[in-house]
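Could you take me through this protein model in questions and answers, at a level that suits a first-year student? Please explain each term when it comes up.

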Amino acid sequence: MAEKTLQPIDSMEFPRFTQPATFFRTPLKLDGKGLDIAVIGVPFDFQTNRPGARHGPAQIREMSRLIRRFNAQGGESPFDLCDIADAGDAPVNPLDPYDSIKRISAFCADLAARGTAILAAGGDHGATYPVWKGTIKSGTVGVIHFDAHPDTYHGFWGNTHNHGTLLRNGVEEGLIDPKRVITIGLRGTRFALDDRDYHRDFGMRLISMDDYEAMGREAVIKEIHRVVGKGPAYVTFDVDGLDPAYCVGTGAPEPGGIMMRDAQVMLRSLRGLEIIGGDLCEVSPPLDPSGHTALNGANLMFEILCAMAETVARRKAGKR
């Protein structure tokens with residue numbers, strides 16, 4: 001395999017606290033040209049009860065200085081498999097969510113048109129939908145969705161585009177295949193008792209935390225693989241899928257969630273699937289100035305990046 005030209009800053013030569021912060025200390029390449037994978041920020045939130053996730057990409061960049069170049073499980077570094085860089089932030093309009101959706105989608109579409117895969121840091125979970133809208137142009141994809149909430153709501157106050165409607169919008173616009181969608185981590189109090197019906201009506205697989213405990217981690221991993229199958233799949237991780245012990249800095253924490261260790265193992269199990277994109281959303285720095293939530297978010301993003309890099313490398317080699 002040819003040596004990759006884009007590499008993270010060597011932390012043995014430049015200490016972690018030096019140089020401007022970028023995702024995983026990769027080069028900043030705002031034009032996005034020549035990238036296999038672009039890591040981007042989507043600094044937008046819909047200003048509901050506890051806003052602040054618009055500041056998430058900046059804090060995740062800062063905390064990702066602590067990520068080293070190899071996965072704990074070993075194997076090739078994603079930075080040796082692919083040309084990866086920080087492509088900056090998608091443009092947003094802080095006063096207009098609908099205009100923001102258009103801007104984010106156009107930004108992502110420009111990258112995708114060059115054959116570049118995208119790993120995004122939100123922003124709240126409303127950031128996922130415009131990434132899909134900009135990148136999914138032929139066929140549908142499966143989705144591996146980690147979240148405390150169903151994200152199939154019909155809308156809030158007449159607004160159908162927000163952090164709680166992404167799966168519903170993805171299905172209704174023909175972007176995702178509901179029969180290849182699996183949601184893991186659902187729990188917490190509910191607005192209404194029919195809030196999970198959309199999953200069931202459209203054939204989505206839903207694993208609540210009660211189910212997770214009854215099944216066990218290995219059975220859940222097998223179910224992820226069964227549901228997603230061999231086709232292209234996207235990973236979206238709402239950080240509130242974690243137990244609040246690991247994500248105090250998020251807008252809608254729910255007790256009784258996924259342990260960080262379990263999240264890492266599940267994401268590592270995705271290596272070998274066709275992971276074509278991903279995101280980590282809902283880190284809210286104003287609610288956690290320590291950066292603990294953002295550090296966990298950066299680690300989860302790295303796990304997704306490793307799976308994506310293997311997918312991209314296989315595709316470039318003509319393998320599936």
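The questions below go from the sheet to the helices and then to some single residues.

This is a predicted model, in which local features need pLDDT of at least 70 and side-chain atom pairs count only at pLDDT 80 or more, while totals for chains, interfaces and linings use all residues. Residues are numbered from 1 along each chain as its sequence is written, and side-chain values use heavy atoms, with hydrogens and water left out.

Q: Which strands stand at the edges of the open sheet?
A: Helices (H or I, at least four residues) and strands (E, at least two) are DSSP runs, numbered from the N terminus, and two strands pair if DSSP finds at least two bridges between them. Eight strands form the open sheet with parallel pairing, in the order 2-1-3-8-7-4-5-6. Each edge strand has a single partner, so one side of each is left without a neighbour in the sheet, and these are strand 2 (84-89) and strand 6.

Q: How many bridges join strand 4 to strand 5?
A: Strand 4 and strand 5 run parallel, and Val141 stands opposite Ile176 in strand 5. The number of bridges that join strand 4 to strand 5 is five.

Q: At about what angle does helix 4 run to strand 7?
A: Axes are lines fitted to C-alpha atoms, for helices over the stretch in contact, and angles run from 0 to 180 degrees between N-to-C directions; contact means heavy atoms within 4.5 Å. Helix 4 lies across strand 1, strand 3, strand 4, strand 5, strand 7 and strand 8. To strand 7, helix 4 runs at about 160 degrees.

Q: Which exposed residues does helix 8 carry on the face turned away from its buried side?
A: Buried means under 20% relative accessible area, exposed over 50%, and partly exposed in between (1.4 Å probe, protein chains only). In helix 8 (residues 217-228), the buried residues are Val220, Ile221, Glu223, Ile224, Val227 and Val228. Seen down the axis of helix 8, these fall within an arc of 160 degrees (taken from the directions from the helix axis to the C-beta atoms), so they line one face of the helix. The face turned away from this buried side carries the exposed residues Lys222 and Arg226.

Q: With which side chain does the side chain of Thr128 make a polar contact?
A: Thr128 lies in helix 4 and counts as buried, because its relative accessibility is 0%. Not counting residues up to four places away in sequence, Thr128 touches Leu166, Tyr234, Thr236, Asp279 and Cys281. A polar contact is a pair of N or O atoms within 3.5 Å; within protein, one must be able to donate a hydrogen and the other to accept it, and residues adjacent in sequence count only if both atoms are side-chain atoms. At 3.0 Å, the partner of the Thr128 side chain is the side chain of Asp279.

Q: Which two residues does a cis peptide bond join?
A: Most residues other than glycine have a negative phi, and most peptide bonds are trans. One residue of this cis pair is found in the loop between strand 3 and helix 4. With omega at about 25 degrees, the cis bond joins Gly122 and Gly123.

Q: What is the approximate phi of Arg25?
A: Arg25 lies in the segment before strand 1 and is buried, with a relative accessible area of 4%. Although Arg25 is not a glycine, its phi is positive, at about 60 degrees.

Key
Expected span 1.5 Å × (residues − 1).
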